[in-house]
Amino acid sequence: MEYEAVIGLEVHVQVKTHSKMFCGCKNEFGAPPNTHTCPVCLGMPGVLPTPNLEAVKKTVLTGLMLGCEINRICKFDRKSYFYPDMPKNYQISQYDQPLCLDGGVVLGKYAFPKDAQKDPIASAKKNVRLIRIHLEEDVAKSFHFETTSGIDFNRAGTPLMEIVTQADIASPEEAFAFLSTLQQTLSQARISDADMEKGQLRCDCNISVRPKGQLEFGTKCEIKNMNSISGVRRAVAYEITRQIQTISNGGKISQETRRWDDAAGQTYLMRTKEQAHDYRYFPDPDLMPMRTDLGLVESMKQQMPETPSMREERYMRDYALNDYDASVLSSDIDLSHYFEGVLNAAQGDRQKVAKAIANFIINDLLGLLGGADQTLADCKIMPEHFGGLVSCVDAGKISSKQAKEVFVEMFATGKEPSTIIQEKGMVQISDEGALESFAKQAIEANPKSVDDYRAGKMAALNALKGQAIKLSKGKANPQLIGEVLEKLLNA
Amino acid sequence: MDVSYVAHLARLALSQDEITRFQSQLSGVLEHVGQMQKLDVEGIEPTAHASPVYNVFREDVELPSLPVEDALKNAPQQANNLIIMPKIVE
Amino acid sequence: MELFFETLTGLREKLATKKVSPTEVLDALKKRVEAVEPSIRAFNHIDWETARAEAAALTPEDLAKPLGGVPVAIKDVMAVKGQPLTCSSRILKGFVSPYDACVIEKLRAAGAIPLGRANMDEFAMGSSTENSADGPTHNPWDTGRIPGGSSGGSAACVSADEAIVALGSDTGGSIRQPAALCGCVGLKPTYGRVSRYGLVAFASSLDQIGPLSKTVEDSARILQVIAGHDARDNTSAAEPVPDYLSGLNQGVKGLKLGVPKEYFIHGIDPEVEKIIRDAIQHLSDLGAEIVDISLPHTNYALASYYIVAPAEASANLARFDGVRYGARVKDGKDVIDTYCRTREKGFGSEVKRRIILGTYVLSSGYYDAYYLRAQKVRTLIRRDFSEAFGKCDAILTPTTPTPAFKIGEKTEDPMQMYLADVFTIAVNMAGICGLSLPCGFAAQGKHGRLPVGLQIIGKAFDEATLLRVGQAYEQSTEWRKERPACA
């Protein structure tokens, strides 16, 4: 029997703020234990929470960027459960009036893992619908020793967004695409660094399988503890296989929470869902309700940055870039800014120049950066110089081949392209007399190619062209030398 | 009311004597509280705050934290600036 | 006259004119405490040394401030940096507060010295101060009787002249009820008037800090200092703070005072009723217009309170788990066992009862029938008052249905205990303000004299009218001059 998977995600995202959600302690990852704590985030007797406006704004902004409806009246609720990492033994969260409702994330082709981009589903622009986004406080971090556990409250009380999807995801690759799109959107808008390895983005997956075509859902399991987007893909794939095998072997899936072990590549049973939680939600009497229609939504709409998918579309529309180039250039906000900076500095036909810049960035720069273990911030090539180089090629001053050499030199030294061109004596030969002499030498030295050309083999012209350029030590203008060769051969 | 069940939700161990005593005392209280069920509250808005004001926020400004020794001073058990508990099993 | 008999107003004059020094005041109080505390037990702890050091550090500028040099007793539920904060609970044994409550900051800024941790019902849950890990406080008028609660220590220490003035907290009557039973003045300000930052929460939507004092004017002086907006309390009101002293002596002529019929039928002691009727007549004689009003949902106030307050408390008290602070059992099998037994050992019976009740009414399947319904009843109670205030400027009622009862009399019958707050609870549910002041004595108890309190209820943020009515009554009667048997 053929089975299909039904997957919903609960994504927790740390919101980037200076201070915590309900107190003034610094919101920072990696500080020495318990150095960012105060009576409020330690849940000392007598303290009260005061909500951080920036965290509310960033949650609203997230909602707007993901097409959510922003709830007009919202409130904070207390969610009660006892756990040592939770200072008050209730979490301030949002229950029935969250900040954002509905919305969705469209899965673009290049958000899928590379090896899955050819799959037709990657091109389907599937919309994964969201149920809600709410704001809450994060819990402390526990460290486990032989017989004890140690707790560091630095993370306790930092702002956390919870994004809940509909069970719209059907494969590990879609889960991957959803998370990478979300990760890009949030990090580009500076809402969160959303780094899974740092726990800034955490994802629980609810997975069930059912015979294809069946309407009723199967029993779901919740998978936790993935610390990368590709880890989520592996965990989901493992879990789908496990569930299908269990059912195929006549077994039953029981509702349970399972932990992913990335090293072992398996999920393990954490707990069964026998004892249902009773969170005893009620409106937090310490916190006043919120109205989003008194200017909050309006001001956030004005501050709404372009999302990666909006930018991708703009690149395709305005610069006629192909979908791959557009997606790579919009995948990182710094890269997009760099690309646009270079484009502004370059002269020539917009679309032609844009394509040339895209090629340089994608085919050369990203590789060079990777090889040098650098990021764009370390890059020595000023956008103006980069633009200048592209202009030189566009104006026919140097060949593309020469330009690549210059680009490598620019990357290494940060020098201006004109300086490098001069130093290397790289001026392209466009003088017809000089080109004719290289062309004649090439024709004389390669009678076989001449015969082939005259017999109609067009490829032979390229061979002759290559010879002529070689004779010119690479300085001959490739387009012009081709024209001169043709003229001589056809004469 | 299942006193033992509710007490466990509240992480409260009780002796058998307490369970019996609370069971009868609380049923008396619930009986009194039950008067409320006679009232017609159809269409009445609930009051969560005595005088509700909307959008009372704090600006995102960092304030000094406690020195770590003050933060941990009242802890029953601590080591290496961590608060220590019996092992937490998830 | 001994210094400890002074009112705040009288003492301030002596301090301001340098007739006495803050240290002399402390010495006098220490002598008094040593004399009467063995029979009253109003304090859980007094740190005389720190108080003396603070008194010695006061500059002439400090002494010119509104409360310069005045020691203020603090209910053991408000955080004072470096002092124990136990809420009269075993679970907080040994806890030392790392911070000052907002009211403590304000008292200090006005030149006052926080002195002593006044006994209370554990976590402010109770009406008799018998639910204390430190043992009960005794009523200065009859030490075989309770002082009321939960701010019983604060009321008793003021009544017995162990303190000039005290702070208490009031969730369902916890300032007014003990003030009435101990024969002193107690004011519960409007919800939001005084910051709750640093007040250990019992029921967050009902709790409010206020003064207990020997006179109405003393309460006005304390309120003047502690009232006002605090950014650390989201529920603190941005409402401006008026001058509470300037209108104090305006009298009651022209004021309409409402008398709700629902407060004179509910198991009220006949002697108490007579005393209250006389007090109402007295205010009428002073020129106030007495009007009959109705607060039809009064009967439901207690019921809805015993949903809302325990529900909020069940969450508020969840933090007492022995992880970050407090007394933790050492031999817990695992985390859950450690929690359960730490809380079993740490909390007293009344706290456990209310945690269970509150947990139950919030639990799955019961929320709508209990908590949500109680919140709706709250709306009806608020409406009652806003309609009544269309007809009158303030409302007069008894503070309690009976005078102080005997220690141990109601400890095993929670419902009877809860009924002690039947006249004070609605004020908290509506979030408005109330004042209790002495208005006579019932011929009951060991010495045949037990204080009775008159409650004056005011509109939201209209404490000034309460104080004005209270002042008119107090200054035209002699009750304030009465001293308890222990004197």
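Start with chain B: of its 90 residues, 43% are buried (under 20% relative accessible area; exposed is over 50%, partly exposed in between, with a 1.4 Å probe and protein chains only). This is a predicted model, where local features need pLDDT of at least 70, side-chain atom pairs count only at pLDDT 80 or more, and totals for chains, interfaces and linings use all residues. Residues are numbered from 1 along each chain as written, chains are lettered from A in the order in which they are written, and side-chain values use heavy atoms, without hydrogens and water.

**Stay on chain B.** Colour by secondary structure. Three helices and two strands appear (DSSP runs numbered from the N terminus: H or I of at least four residues for helices, E of at least two for strands). Along the sequence they read α-α-α-β-β. The radius of gyration is 23 Å, well over the 12 Å of the globule rule for 90 residues, so chain B is more spread out than a compact globule. That radius is taken over C-alpha atoms, and the rule is 2.2 Å times the number of residues to the power 0.38. The C-alpha trace spans about 55 × 45 × 25 Å along its principal axes.

**Next, select the sheet shared by chains A and B.** Its four strands run β9(A)-β10(A)-β2(B)-β1(B), open and with antiparallel pairing. Strands pair here if DSSP finds at least two bridges between them. Select residues 148-152 of chain A and 82-86 of chain B: these are β10 and β2, antiparallel and joined by four bridges. A:Thr148 stands opposite B:Pro86.

Now move to β9(A). Four bridges also tie β9(A) to β10(A), again antiparallel. The two form a hairpin with three residues between them. A:Ser142 faces A:Ile151 across the pair.

**Now the nonpolar core.** Such a core is a set of buried Ala, Val, Leu, Ile, Met, Phe, Trp, Tyr and Cys residues joined through side-chain atoms within 4.5 Å. The largest has 276 residues, and those touching the most other members include A:Val11, A:Phe178, C:Leu107 and C:Phe385. Select helix α10 of chain C, residues 298-316: the largest share of this core, 12 residues, comes from there.

Zoom in on A:Phe178. Leaving aside neighbours within four places in sequence, A:Phe178 is in contact with A:Leu9, A:Val11 and A:Thr165, among others (contact means heavy atoms within 4.5 Å).

**Last stop.** Apart from the largest core lies another, of 37 residues. Among them are A:Ala326, A:Phe339, A:Cys379 and A:Ile381.
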